[in-house]
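Visitor: I should like to examine this model and ask on what grounds its descriptions rest.

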Amino acid sequence: LRVGIIHGAYCVGCCAGLMVVLLALGMMNVVWMALVAAAVLAEKLLPGGERLAPASAVVLVASGAWIGLT
């Protein structure tokens with residue numbers, strides 16, 4: 001039980017931001033939610049996916065800043 005609680009807390013802690021983003025996108029548009037899920041899937045399954053994560057982070061931060069400025 002203790003190990004399950006520790007692993008559960010770790011999972012919630014490391015994925016909390018993604019869960020919030022998917023919740024917000026899912027309420028607004030299923031297509032955007034599917035695109036984010038596909039990006040996460042690509043990072044997890046493609047060879048060299050760990051190199052894809054920083055690039056996608058830069059794209060997401062830049063697009064967020066651009067949307068925030070408009």
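Visitor: How many nonpolar, polar and charged residues does the lining of the largest pocket have?

Guide: In this predicted model, the lining has 15 nonpolar, 5 polar and 3 charged residues. Val and Leu count as nonpolar, whereas Gly is placed among the polar residues.

Visitor: What makes this space a pocket, and what is its volume?

Guide: A pocket is an open set of points, whereas a cavity is one from which the 1.4 Å probe cannot get out. The space here is listed as a pocket, with about 700 Å³, so it belongs to the open kind. Of its 23 lining residues, the closest to the centre are Val-21, Val-36, Ala-39, Ser-56 and Leu-60.

Visitor: Which elements give two or more residues to that lining?

Guide: They are α1 (2-28), α2 (30-45) and α3 (49-69). The most comes from α3, with 10 residues.

Visitor: Why are the elements written α-α-α?

Guide: The protein has 3 helices and 0 strands. Because elements are numbered from the N terminus, the order from that end reads α-α-α.

Visitor: What radius of gyration does the protein have, set against a compact globule of 70 residues?

Guide: The globule rule gives a value near 11 Å, but the protein has 14 Å. Its C-alpha trace spans about 50 × 30 × 20 Å along the principal axes.

Visitor: What percentage of the residues is called buried, and on what cut-off?

Guide: Buried means under 20% relative accessible area, and 6% of the 70 residues meet that condition. The protein exposes about 5800 Å², of which carbon and sulfur atoms supply 79%.

Key
Residues numbered from 1 in each chain as written. Predicted model: local features only at pLDDT ≥ 70, side-chain atom pairs only at ≥ 80, totals over all residues. Heavy atoms only, no water. 1 Å grid on protein atoms, 1.4 Å probe; cavity = no way out; pocket = protein on both sides within 12 Å on 5 of 7 lines; lining within 4 Å. Points joined across faces, edges and corners; volume = space filled by probe spheres on them. Helix = DSSP H or I, 4+ residues; strand = E, 2+ residues; numbered from the N terminus. Rg over C-alpha atoms; globule rule 2.2 N^0.38 Å. Buried < 20%, exposed > 50% of the residue type's maximum accessible area, 1.4 Å probe, protein only. Areas by Shrake-Rupley, 256 points an atom, 1.4 Å probe, with all protein chains shown as cover.
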